[in-house]
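Work through these exercises with the structure open beside you. Try each task before you read its solution.

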Amino acid sequence: MPSITVNDIFSAHCDKLKLKWICGQQNPQQTLSQSDQHPTLFIGFLNLVRPNQIQVIGETELQYLKGLGKNSFNDAIDHLFLSKPALVIIGNNLEAPAEIIELATKTKTALIQSSKNSNQIIELVQYYLADHLSEYVTLHGVYLEVLGVGVLLAGLSGIGKSELALELVTRGSRLIADDIIEFRKISPDTISGMCPKILKDFIEVRGLGILNIRAMFGDNALINRKKLNLIIKLEVAKSAIPPANDRLDGGHKCRTILEVEIPEITLPVAVGRTLAVIVEAAVRNHILLMHGYNASDDFIKRQQQYINNKSVENKE
C-alpha cells in the first residue's frame with residue numbers, strides 16, 4: 001500500500017477546506033500507518049474508544065469535551081494524544097482549546113484548523129484517501145463511459161479496441177483511458193478506473209498513430225474516472241454460427257477484479273459486424289438487467305404462454 005503524509009493531505013485540501021496550521025507543521029512528513037482497514041476508515045469524528053488516525057473535532061465534539069468535568073476533560077485529551085493520531089482537524093473555524101494545542105505541540109502531532117464542518121471535512125478526505133490508498137491494478141484495454149456506464153473494452157492487442165473506441169466517441173461516448181487503465185477498489189463492491197497521467201487525452205489507432213481526443217473532439221469527449229460496470233471482451237469469431245448456448249443469453253459471465261465480480265460479455269469480431277452499435281445495445285441491455293428486466297426470460301415466458309394457449313385450444 002502506498003503511503004500518505006500529513007503534508008500530502010494538507011496540500012491537497014488547503015484551498016477546498018481552507019486549512020490553516022495551528023501547530024505540528026515541524027513534522028509534516030508524518031505518515032498514516034499501514035492498516036488492514038479500508039482507507040475511508042482512517043478518518044472520522046472524534047473517537048476515543050476506537051481512535052481514528054485522523055481525528056476530526058467539530059462543534060458537537062467540542063461541546064461534548066467542554067461539557068466534561070475538568071478531570072474528565074483532561075483525561076479525554078490525554079487519551080486523544082496517547083493514541084498517536086497522525087492528524088487532528090478542528091472544524092468550523094473553532095478555536096482549539098489551549099490543552100489540545102499544548103499536547104499537540106508536546107507530542108509533535110499535526111493540528112490543523114478548517115473553515116468547513118466535520119461532515120464536509122470527512123467526506124472530502126475520505127474520497128482522497130480511497131483514491132490514493134485503495135488496492136489497485138493496471139489492466140490493458142480501452143476504458144470509456146458509454147451511455148453513462150463504465151465499459152472496459154478488452155481483448156488481444158490488434159483486435160480493434162481503439163478503433164471501436166474512436167467510433168464510440170464519435171457517437172457520444174467519452175474516453176477515459178486507452179491502453180493502460182488504473183482500477184482502484186474504492187469500496188467493498190466498487191471499482192473505479194482512471195487514466196495514468198502520461199496517457200491522458202491520447203489514443204493510439206493503427207494506421208493513424210497517436211491522436212489527441214481532447215484536441216479533436218473537445219473536453220466533453222473525455223471524463224476523468226468512472227465506476228467499472230461492464231467488461232466487453234472482443235475476440236476473433238471462431239465460426240460464423242455462434243454456439244447454441246449463446247443464442248438466448250449471449251456470452252455472459254463474470255470476471256473478478258480486486259475481489260469484485262464484474263459482468264463480462266464476449267463479442268465475436270467478424271467482417272460486417274457494426275460493433276459500435278452492438279456495444280451500445282449491450283450497454284442498454286445491461287442497464288435493463290440492472291433494473292430487473294431480462295429479455296431472454298421474457299422471451300421464454302412468452303413462448304411458454306403461447307404453447308400453453310395452443311394446448312388449451314387443441315383440447316377444446
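The exercises below concern a predicted model.

**Exercise 1. The cores**

Task: Find which residues have the most contacts inside the largest nonpolar core, and which elements supply at least two residues of this core.

Solution.
- Step 1. The largest nonpolar core has 29 residues. Those with the most contacts inside it are Leu144, Leu153, Leu164, Leu168, Leu175, Ile213 and Ile232.
- Step 2. Now look at the elements. The strands that each supply at least two residues of this core are β6 (136-146), β7 (149-155), β10 (202-205), β12 (225-236) and β14 (260-269). The helices α6 (161-170) and α9 (275-290) each do so too.
- Step 3. Apart from this core lies another, of 22 residues. Ile4, Leu32, Val56 and Ala110 are among them.
- Step 4. Zoom in on Leu144. Leave out residues up to four places away in sequence. Leu144 then touches Val149, Gly150, Val151, Leu153, Ala165, Leu168, Val169, Ser173, Arg174, Leu175 and Ile176.

**Exercise 2. A residue of the other core**

Task: Is Ala110 buried or exposed? Which residues are in contact with Ala110, leaving aside neighbours within four places in sequence?

Solution.
- Step 1. Locate Ala110 in strand β5 (residues 110-113).
- Step 2. Apply the cut-off: buried means under 20% relative accessible area. Ala110 has 3% relative accessibility, so Ala110 counts as buried.
- Step 3. List the contacts beyond four places in sequence. Ala110 is in contact with Val6, Trp21, Cys23, Gly24, Ala86, Leu87 and Val88.
- Step 4. Take Val88 from that list. Ala110 and Val88 are 22 residues apart along the chain, and their C-alpha atoms are separated by 6.3 Å.

**Exercise 3. A polar side chain in a strand**

Task: Where does Asn229 lie, and what lies 2.9 Å from a polar atom of the side chain of Asn229?

Solution.
- Step 1. Asn229 lies in strand β12.
- Step 2. Its relative accessibility is 19%, so Asn229 counts as buried. The cut-off for buried is under 20%.
- Step 3. A polar atom of the Asn229 side chain lies 2.9 Å from the backbone nitrogen of Gly150.
- Step 4. Leave out residues up to four places away in sequence. Asn229 touches Val149, Gly150, Ile262, Pro263 and His286. Gly150 also appears among the residues that Leu144 touches.

**Exercise 4. Two residues of one helix**

Task: Ala130 and Leu124: buried or partly exposed?

Solution.
- Step 1. Ala130 is found in helix α5. Leu124 lies in helix α5 as well.
- Step 2. Recall that partly exposed runs between 20% and 50%. Ala130 has a relative accessible area of 4%, so Ala130 is buried. Leu124 has 27%, so Leu124 is partly exposed.
- Step 3. Beyond four places in sequence, Ala130 touches His38, Pro39, Thr40 and Ile186. Under that rule, Leu124 is in contact with His13, Lys16 and Leu17.
- Step 4. Check C-alpha distances. Ala130 and Arg184 are 54 residues apart along the chain, with 8.3 Å between them. Leu124 and Gly160 are 36 residues apart in sequence and 39 Å apart in space.

**Exercise 5. The second largest pocket**

Task: Which residues lie closest to the centre of the second largest pocket, and which element gives the most to its lining?

Solution.
- Step 1. The second largest pocket holds about 350 Å³ of space.
- Step 2. The lining has 17 residues. Closest to the centre are Met194, Cys195, Lys197, Lys200 and Arg225.
- Step 3. The elements that give two or more residues to the lining are α5 (118-133) and β8 (174-187). β8 gives the most, with four residues.
- Step 4. Sort the lining by class. Seven residues are nonpolar, two are polar and eight are charged.

**Exercise 6. Positive phi**

Task: What is the phi of Asn93, and what is the phi of Asp179?

Solution.
- Step 1. Asn93 is not a glycine, although its phi is positive, about 55°. Asp179 is not a glycine either, and its phi is about 80°.
- Step 2. Place them. Asn93 is in the loop between β4 (87-90) and α4 (98-107). Asp179 is in strand β8.
- Step 3. Asn93 has 44% relative accessibility, so Asn93 counts as partly exposed. Asp179, at 34%, is partly exposed too.

Conventions: Residues are numbered from 1 along each chain as its sequence is written. This is a predicted model: local features need pLDDT of at least 70, side-chain atom pairs count only at pLDDT 80 or more; totals for chains, interfaces and linings use all residues. Side-chain values use heavy atoms; hydrogens and water are left out. A nonpolar core is a set of buried Ala, Val, Leu, Ile, Met, Phe, Trp, Tyr and Cys residues joined through side-chain atoms within 4.5 Å. Buried means under 20% relative accessible area, exposed over 50%, partly exposed in between (1.4 Å probe, protein chains only). Contact means heavy atoms within 4.5 Å. On a 1 Å grid over the protein atoms alone, a cavity is a set of points where a 1.4 Å probe fits but cannot get out, and a pocket is an open set with protein on both sides within 12 Å along at least five of seven lines; lining residues have an atom within 4 Å of a point. Grid points are joined across faces, edges and corners, and a volume is the space filled by probe spheres set on the points. Ala, Val, Leu, Ile, Met, Phe, Trp, Tyr, Cys and Pro count as nonpolar, Asp, Glu, Lys and Arg as charged, and the others, Gly among them, as polar. A polar contact is a pair of N or O atoms within 3.5 Å; within protein, one must be able to donate a hydrogen and the other to accept it, and residues adjacent in sequence count only if both atoms are side-chain atoms.
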